[in-house]
Amino acid sequence: MKPVKVGICGLGTVGSGTFNVLKRNAEEIARRAGRGIEVAQIAQRRPNPKCDTGITPITDDVFAVVDNPEIDVVVELIGGYTVARELVMRAINNGKHVVTANKALIAVHGNEIFARAREKGVIVAFEASVAGGIPVIKAVREGLAANRINWVAGIINGTGNFILTEMREKGRTFEDVLKEAQALGYAEADPTFDVEGIDAAHKLTILASIAFGIPLQFDKAYTEGITTLTTADVGYAEALGYRIKHLGVARSTEKGIELRVHPTLIPADRLIANVNGVMNAVMVNGDAVGSTLFYGAGAGMEPTASSVVADLVDVVRAMTSDPENRVPHLAFQPDALSDHPVLPIEACESAYYLRIQAKDHPGVLAQVASILSERGINIESIMQKEAEEHDGLIPMILLTHRVHEQHMNEAIKALESLEDVVGAVVRIRVEHLN
Ligand code: HSE
């Protein structure tokens, strides 16, 4: 049988990894796919020294690949929302299948892209868009299809996890570690996407859709970054038996879906709390299976290429199948998606870590306790440290039971208005993941 012809748009980190893996493992891949997969054209802005493209035709115009009648599958690896969206829509309109690693594109424009793909009977595959080399989309969409998914929680940004790990283990500065992540090709073109939780929110949006059967709703995701975390809080969390991770949490509740990315205390003995460096991990809890954990490299050249190439193999296998009988893009049949709402952060529920800087006066702790109890907030534990030398203030650290964010907001406002409390109360959400 003739090989399937693929056009790669973008020869950066993931593009070159994809080309190299397709070349190196060509025979093994053909044995799996049932046909060879041949890169028939590449669009690149500049040559990539990590990739010997040999005699493969090269263009600097991505649309030349999309309009090339020889090409069966377009691999979109240019990133971003604008050109990538035009490129993918044009590829679909031209009747080509698409493989993409572009989480921003899928999270923001996926509903429109999948609708058009259905009309045209083509596949848009996006395994590499979430957690790099971990085949978590396939696992949730297919492997866990029996389950009602209760929640998903993941460390889904390698750069952020690398920064938190290096800061905690080696005391390195934020800027220093970020520079290294950029040099290693992990960070986004705009690294604020990594450290402010936007990249993780893109991925969480995709995971939530395939877990709960809801349309993609990136605009409703709550995001909080890691830039304001202090080493003091990292240390106090450790002393209490927790690790701080930048976690994406999607939880199905009766009132709606929680969709949130924020720094989170996790008990140090959970496997996911020990996922370090650039590694990613996603926990999925289903009613039948219980808790599962998927772990692996969340970024990087060949790990991400591993997912891109797996998608290519899937596309090649499914090309000749009836489009109605393929695995739906968002796991659930498109006419069976639910309109269960995504909840605002105020309606979400979690436990909390609070750090209050208080003057060393009698009765402060009693005032703090009464503000919390008046709002039905149950204290799990309290740790009070020695007065700080530089300002004489007492750091008071509390862990609470689960409570609605709205009640916690009101409590924090009341705490900050106490005469003996100085500055803002630090609040970090806590998830026990059990
Ligand atoms: N910037 C992303 C990360 C790349 O650090 O995880 C993979 O999506």
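1. Let's start away from the ligand. The second largest pocket in this predicted model has a volume of about 650 Å³. If you want to find the spot on screen, go to P323, R326, V327, P328 and H329, which lie nearest the centre of that pocket among the 31 residues lining it.

2. Who builds the wall there? Helix 5, strand 6 (124-125), helix 6 (136-143) and helix 12 (301-318) each put at least two residues into the lining of the second largest pocket. Sorted by class, that lining comes out at 17 nonpolar, four polar and 10 charged residues.

3. Now for the largest pocket, which holds about 1,300 Å³ of space. Its lining runs to 48 residues, and T13, L77, I78, G79 and A189 are the closest to the centre. Two or more lining residues come from each of helix 1 (13-24), helix 5 (103-120), helix 7, helix 9 (192-195) and helix 10. So you will meet helix 5 again here, as a contributor to the largest pocket and also to the second largest one.

4. The class count for the largest pocket reads 18 nonpolar, 20 polar and 10 charged residues. For the second largest pocket, the nonpolar count is 17 and the polar count is four.

5. Where does the ligand go? The space it takes is the largest pocket. Helix 7 (158-170) and helix 10 (198-212) are the elements that give two or more residues to the shell around the ligand.

6. Here is the full shell, if you'd like to click through it: K103, N157, G158, T159, Y186, A187, E188, D194, D199, K203, G298 and A299 surround the ligand. By class, this shell has three nonpolar, four polar and five charged residues.

7. Three polar contacts are worth a look. T159 brings a polar side-chain atom to 2.7 Å from an oxygen atom of the ligand. D194 also uses a polar side-chain atom, this one 2.7 Å from a ligand nitrogen atom. With Y186 the backbone does the job: one of its N or O atoms lies 2.7 Å from a nitrogen atom of the ligand.

8. How much of the ligand's accessible area does the protein cover? On its own the ligand has 250 Å² of accessible area, and the protein covers 92% of that.

How values were computed
Residues are numbered from 1 along each chain as its sequence is written. This is a predicted model: local features need pLDDT of at least 70, side-chain atom pairs count only at pLDDT 80 or more; totals for chains, interfaces and linings use all residues. Side-chain values use heavy atoms; hydrogens and water are left out. A residue is near a molecule or strand if one of its heavy atoms lies within 4 Å of it. A polar contact is a pair of N or O atoms within 3.5 Å; within protein, one must be able to donate a hydrogen and the other to accept it, and residues adjacent in sequence count only if both atoms are side-chain atoms. Accessible areas come from the Shrake-Rupley method with a 1.4 Å probe; for residues, only the protein chains shown count as cover. On a 1 Å grid over the protein atoms alone, a cavity is a set of points where a 1.4 Å probe fits but cannot get out, and a pocket is an open set with protein on both sides within 12 Å along at least five of seven lines; lining residues have an atom within 4 Å of a point. A molecule sits in a cavity or pocket if more than half of its atoms lie within 2 Å of its grid points. Helices (H or I, at least four residues) and strands (E, at least two) are DSSP runs, numbered from the N terminus. Ala, Val, Leu, Ile, Met, Phe, Trp, Tyr, Cys and Pro count as nonpolar, Asp, Glu, Lys and Arg as charged, and the others, Gly among them, as polar. Grid points are joined across faces, edges and corners, and a volume is the space filled by probe spheres set on the points.
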